[in-house]
Amino acid sequence: MEIKNIDKSYNSSSHLVFSCQYHVIFCPKYRRKVLVDKVETRLKELFSDISQEYDFRIIEMEVMPDHVHLLIECNPRFGIMNCITKLKGITSRKLRAEFPKLKSRIPTLWTRSSFISTVGTVSLDTVKKYIENQKKV
């Protein structure tokens, strides 16, 4: 169930009402520019599939050649680190199987590092616009 507020939406599950959004950035190993063309398209499809399967929402997504920006909303019981672990693990395995060129360029697809920042009510729109405009810069 989703409860709307003027500025923010709230979700609920058993015994919990929440609104947790996170700005997430992560990069391929060695910051290689491998997230292009068909790899980029397939990565976006996989991100969408994974978010549906594990019941979290990707509000905004921008894939740059050498990093990914995501605005994720997730249940705090599942946790943002679980979201990132699923996104990185599944996409690494599937993309490296589908695009053998990735195996020759880097030992693993993603670095172990991530940037995570919580998003407050006031800055949610600002973060959305920032992510949308990444490719225009």
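Where is the place of Arg31? In this predicted model, Arg31 sits in the loop between β4 and α1. The backbone does something a bit unusual to look at there: phi of Arg31 is near 55°, a positive value in a residue other than glycine. Arg31 is also partly exposed, with a relative accessible area of 43%.

A similar story turns up at Asp55. This residue belongs to the loop between α1 and β5, and its phi is positive too, at about 60°, although Asp55 is not a glycine. Asp55 counts as exposed because its relative accessibility is 66%, and the cut-off for that label is over 50%.

Now for the overall layout. The protein chain contains 4 helices and 7 strands. Going along the sequence, these follow the pattern β-β-β-β-α-β-β-α-α-β-α. Along the principal axes, the C-alpha atoms fill a box of roughly 50 × 35 × 25 Å. How does the radius of gyration of the protein chain fit with a compact globule? For 137 residues, such a globule would come out near 14 Å, and the protein chain has 15 Å, so the two agree.

Contacts across the sequence add to this picture. Among contacts in the protein chain with a separation of 6 or more, 68% link residues 24 or more positions apart. Of the 137 residues, 44% count as buried. The accessible surface comes to about 8000 Å², and carbon and sulfur atoms make up 51% of that. As for charge, there are 24 positive and 15 negative side chains, with the centres of the two sets 9 Å apart.

What about the inside? In soluble globular proteins, nonpolar side chains tend to be buried together. Here, the largest nonpolar core has 29 residues, and Val68, Leu70 and Ile72 are the ones that touch the most other members. Two or more residues of this core come from each of β4 (21-26), α1 (37-53), β5 (57-64), β6 (67-73) and α2 (80-98). The biggest share is from α2, which gives 6 residues.

Leu70 is worth a closer look. Leaving aside residues up to four places away in sequence, Leu70 touches Tyr22, His23, Val24, Phe26, Phe47, Ile58, Glu60, Met61, Leu87 and Ile131. There is also a second, separate core, made of 5 residues, including Ile59, Val119, Val127 and Ile131. Ile131 therefore turns up twice: as a contact of Leu70, and as a member of that second core.

Is Glu62, in strand β5, buried or exposed? Glu62 is buried, because its relative accessible area is 12% and the limit for buried is under 20%. Not counting residues up to four places away in sequence, Glu62 touches Lys44, His67, Val68, His69, Ile131, Glu132, Gln134 and Lys135. One of these, Val68, was met above as a residue of the largest nonpolar core.

Arg93 offers a contrast. This residue lies in helix α2 and is exposed, with a relative accessible area of 54%. Arg93 and Val17 are 76 residues apart in sequence, and their C-alpha atoms are 34 Å apart in space.

Definitions and conventions
Residues numbered from 1 in each chain as written. Predicted model: local features only at pLDDT ≥ 70, side-chain atom pairs only at ≥ 80, totals over all residues. Heavy atoms only, no water. Core = buried A, V, L, I, M, F, W, Y, C linked by side-chain atoms within 4.5 Å. Buried < 20%, exposed > 50% of the residue type's maximum accessible area, 1.4 Å probe, protein only. Contact = heavy atoms within 4.5 Å. Rg over C-alpha atoms; globule rule 2.2 N^0.38 Å. Areas by Shrake-Rupley, 256 points an atom, 1.4 Å probe, with all protein chains shown as cover. Lys, Arg positive; Asp, Glu negative; His and termini not counted. Charge placed at Lys NZ, Arg CZ, Asp CG, Glu CD.
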